[in-house]
Amino acid sequence: MSTKPEDLVARWKVPLKGNVHTVEFEHGPLLSGKRVVFVDGKCTVRKDFMFNLVGSEPFRIGSTRCSVNIDSNQSIWEFKYTLTVDGKPLESFMRETKTRTRTWLPTVQGKMRRVVLETGDLSIFVDGQQMETTGEFLDDDEADPYASHVTGSAQHFLIDDTIDCRIKITSSGSRLHGLLYDLYIRDDKQDSSVDQLKALETQRAD
């Protein structure tokens with residue numbers, strides 16, 4: 001990590017491949033113009049004596065290309081820092097990620113886990129690790145015993161090699177709501193991460 005905390009000028013959280021990575025950037029002092037990028041506490045880029053104080057610094061998170069962008073902010077002595085992920089501004093990347101993933105934060109054996117489904121290819125990640133999955137088509141009764149027109153599928157996987165889990169994918173019957181994604185751990189349906197985060201915020205407020 002940083003040996004001079006005063007040089008740390010920006011920090012971002014990046015959701016990627018089922019995990020949330022922390023990117024930190026050091027810049028300066030002005031006489032050296034150094035640029036240092038940390039990903040999850042590990043230094044991935046270090047450059048000293050950069051006389052061009054603005055520009056971009058490319059790096060990777062796994063196989064994903066990223067870049068810290070340095071722009072002057074009204075004054076040549078003030079700078080604005082932004083992050084690009086996979087060729088997109090971080091805000092745009094996060095919006096796209098939100099639409100193509102579903103996330104749950106279940107507590108398993110006393111520990112909070114992060115389960116992420118990539119809805120495009122049905123990849124499943126647990127705490128950033130991609131799981132081996134087995135697909136299954138559901139008949140009408142399994143998908144929804146009260147709506148015979150609904151069919152769906154399930155993706156089975158294991159947490160900690162022993163705990164049976166599955167994500168059910170069914171039609172909502174509405175173009176507006178599209179597909180429904182539900183996580184089950186040992187046949188217990190889990191709340192969505194949105195519901196869990198709201199509950200956590202309520203507990204903190206109390």
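A charge sits over a ring if NZ of Lys or CZ of Arg is within 6 Å of the ring centre and within 35 degrees of the ring normal. The exercises below use this rule and a few others. The model is predicted.

**Exercise 1. Charges and a ring**

Task: Find which charged residues sit over the ring of Tyr184, and at what distance from its centre.

Solution:
- Step 1. Take Lys168. Lys168 lies over the face of Tyr184, and the distance to the ring centre is 5.3 Å.
- Step 2. Take Arg166. Its charged end sits over the ring of Tyr184, 4.7 Å from the centre.
- Step 3. Place the residues. Strand β17 covers residues 163–171. Strand β18 covers residues 179–185. Seven bridges join β17 to β18, and the two run antiparallel.

**Exercise 2. The open sheet**

Task: Give the strand order of the five-strand open sheet and name its edge strands.

Solution:
- Step 1. Write the order: β15-β16-β17-β18-β19, with antiparallel pairing.
- Step 2. Look for strands that pair on one side only. These are β15 and β19 (188–189), the edge strands.
- Step 3. Count bridges between neighbours. β15 (residues 134–138) and β16 pair over five bridges. β16 and β17 pair over eight bridges.
- Step 4. Check sample partners. Glu136 has Ala154 of β16 as its bridge partner. Leu158 has Asp164 of β17. Ile169 has Tyr181 of β18.

**Exercise 3. Strand β16 and its hairpin**

Task: Decide whether β16 is largely enclosed or largely open, then describe the turn to β17.

Solution:
- Step 1. Recall the cut-off: buried means under 20% relative accessible area.
- Step 2. Apply it to β16, residues 152–159. Six of the eight residues are buried, so β16 is largely enclosed by the rest of the structure.
- Step 3. Move on to the hairpin of β16 and β17. Three residues lie between the strands. Asp160 takes a positive phi near 60° there.

**Exercise 4. Aromatic rings**

Task: Classify the ring pair of Phe79 and Tyr81.

Solution:
- Step 1. Count the pairs. There are two aromatic pairs.
- Step 2. Read the geometry. The ring centres of Phe79 and Tyr81 are 6.5 Å apart, and the planes stand at 45°.
- Step 3. Apply the angle cut-offs. Under 30 degrees counts as stacked, over 60 as edge-to-face, and the rest as tilted. The planes are at 45°, so the pair is tilted.
- Step 4. Check burial. Phe79 has a relative accessible area of 16%, so Phe79 is buried. Tyr81 is at 18%, so Tyr81 is buried too.
- Step 5. Widen the view. Ring pairs link Phe25, Phe79 and Tyr81 into a cluster.

**Exercise 5. A lysine in a loop**

Task: Is Lys34 buried or exposed, and which side chains does it contact?

Solution:
- Step 1. Locate Lys34. It lies in the loop between β2 (19–27) and β3 (35–39).
- Step 2. Compare with the cut-off. Relative accessibility is 8%, so Lys34 counts as buried.
- Step 3. List side-chain partners. A polar contact of 3.2 Å joins Lys34 to Asp7. A polar contact with the side chain of Glu26 is also at 3.2 Å.

**Exercise 6. The whole chain**

Task: Summarise the protein chain by elements, burial and exposed area.

Solution:
- Step 1. Elements: three helices and 19 strands.
- Step 2. Burial: 40% of the 206 residues are buried.
- Step 3. Area: the chain exposes about 12800 Å², and carbon and sulfur atoms supply 49% of it.

Note on methods. Residues numbered from 1 in each chain as written. Predicted model: local features only at pLDDT ≥ 70, side-chain atom pairs only at ≥ 80, totals over all residues. Heavy atoms only, no water. Buried < 20%, exposed > 50% of the residue type's maximum accessible area, 1.4 Å probe, protein only. Helix = DSSP H or I, 4+ residues; strand = E, 2+ residues; numbered from the N terminus. Pairing = 2+ DSSP bridges. Phe/Tyr/Trp six-rings, centres within 6.5 Å; stacked < 30°, edge-to-face > 60°. Areas by Shrake-Rupley, 256 points an atom, 1.4 Å probe, with all protein chains shown as cover. Polar contact = N/O pair within 3.5 Å; in protein donor to acceptor, adjacent residues only side chain to side chain.
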